[in-house]
Amino acid sequence: MSNVVITGAGRGIGRGIALRLAGDGHAVAVSDVNKAGAEAVAEEITTAGGRALAVSTDVTDRDAVFALVDQAADELGSVDVMVANAGIAQVKPLLDVTPDDLRKIFDVNVFGVVYSMQAAAEKMIAQGDGGKIISAASIAAHGGFDLLGPYCATKFGVRALTQAAAKELAKHKITVNAYCPGVVDTDMWELIDEQMGPYLGTAKGEAKAQFGAGIALGRLQTPADVAALVSYLAGPDSDYMTGQSIIIDGGMVYS
């Protein structure tokens, strides 16, 4: 099995991915800006008999991301899969978006992904055995949503980076793909629901319910649903796939 680095793995989708990949038999470097969150997930993995390492990392700090990959390689033996999962949401009408808003969301959702790609690719090239880079995009990488303009822009950016990196890194036997969830029942969507309330005139839970009502399979998504796709992307069955940003949303956006 492979050694995997996952950013933003202290909760939500990232935690789900970490637990699934550990269950698949991978050793996992659990990284999160929240040290306690990373340590808790790593402990879950080791208690269940897996192998894990907890690292506190701010993905907006390029040097810190490279240090994360170096530490994972040193302690686990190599870095074979990078899951650039860390991301934030932002709800605001486009006309109200400030320069600080843009800097904050692009720093995490785009710059953090670029740094993760760079650090992982550099390590994988040096190792000489290829590898897999997997990034968090969204259905918002395939269609724009009102009140989420900058967020959508960052996810379209991840989709473009995925295509470009796939072309550049193929010669090194490195595949690059992204996963595109929909409405996942996590803390992030609780925040989106809360922040949309004043704009939509909705009470707590109503905005999320409205989005969820459009899901063909009739239920909100779970982190495990997303993790199942990442499991495929991290494993050998996806070896011939690269440059793709795959929608997994229960049937919301069709592309």
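**Exercise 1. Find the element that holds S231, decide whether S231 is buried or exposed, and list what it touches.**

Step 1. S231 sits in helix α8, which covers residues 223–234. Keep in mind that we're working with a predicted model.

Step 2. The relative accessibility of S231 is 11%. The cut-off for buried is under 20%, so S231 counts as buried.

Step 3. Leave out residues up to four places away in sequence, and S231 touches R20, L21 and D24.

**Exercise 2. Work out how strand β2 is packed and what it pairs with.**

Step 1. Start with burial. Strand β2 runs over residues 27–32, and 6 of its 6 residues are buried, so the rest of the structure largely encloses it.

Step 2. Now split the strand by face. In a regular strand, side chains alternate between the two faces of the sheet. For β2, one side carries A27, A29 and S31, while V28, V30 and D32 are on the other, and all of these are buried. Both faces are therefore covered.

Step 3. Look at the partners. Strand β1 (residues 3–6) runs parallel to β2, joined to it by 4 bridges. Strand β3 (residues 52–56) also runs parallel to β2, with 5 bridges between them.

Step 4. Pick a residue to follow across the strands. A29 in β2 has V5 standing opposite, and A29 also stands opposite L53 in β3.

Step 5. Add the helices. A right-handed β-α-β unit is made by β1, α1 and β2. Another right-handed β-α-β unit consists of β2, helix α2 (residues 35–47) and β3.

**Exercise 3. Describe the largest pocket: its volume, its lining and the elements that supply it.**

Step 1. The largest pocket holds about 1,000 Å³ of space.

Step 2. Its lining is made of 43 residues, and those nearest the centre are A86, G87, I88, A89 and M188.

Step 3. Two or more lining residues come from each of α1 (12–23), α4 (99–127), α5 (149–169), β6 (174–181) and α6 (187–200). The largest share belongs to α6, with 6 residues.

Step 4. Sort the lining of the largest pocket by class, and you get 22 nonpolar, 14 polar and 7 charged residues.

**Exercise 4. Place D101, then say how far it is from P150 in sequence and in space.**

Step 1. D101 belongs to helix α4.

Step 2. With a relative accessible area of 15%, D101 is buried.

Step 3. D101 and P150 are 49 residues apart along the chain, yet their C-alpha atoms are 8.4 Å apart in space.

Step 4. Ignoring residues up to four places away in sequence, D101 touches Q90, K92 and D96.

**Exercise 5. Check the phi values of L147 and K173, then say where each residue lies and whether it is buried or exposed.**

Step 1. Here's the background: most residues other than glycine have a negative phi.

Step 2. L147 isn't a glycine, but its phi is positive, near 70°. For K173, also not a glycine, phi is positive at about 65°.

Step 3. Next, the locations. L147 is in the loop between β5 (131–136) and α5, and K173 is in the loop between α5 and β6.

Step 4. Finish with accessibility. L147 has a relative accessible area of 15% and is buried, whereas K173, at 57%, is exposed. The cut-offs at work are under 20% for buried and over 50% for exposed.

Notes
Residues are numbered from 1 along each chain as its sequence is written. This is a predicted model: local features need pLDDT of at least 70, side-chain atom pairs count only at pLDDT 80 or more; totals for chains, interfaces and linings use all residues. Side-chain values use heavy atoms; hydrogens and water are left out. On a 1 Å grid over the protein atoms alone, a cavity is a set of points where a 1.4 Å probe fits but cannot get out, and a pocket is an open set with protein on both sides within 12 Å along at least five of seven lines; lining residues have an atom within 4 Å of a point. Grid points are joined across faces, edges and corners, and a volume is the space filled by probe spheres set on the points. Ala, Val, Leu, Ile, Met, Phe, Trp, Tyr, Cys and Pro count as nonpolar, Asp, Glu, Lys and Arg as charged, and the others, Gly among them, as polar. Buried means under 20% relative accessible area, exposed over 50%, partly exposed in between (1.4 Å probe, protein chains only). Two strands pair if DSSP finds at least two bridges between them. A crossover is right-handed if, with the strands pointing away from the viewer, the path from the first strand over the helix to the second runs clockwise. Contact means heavy atoms within 4.5 Å.
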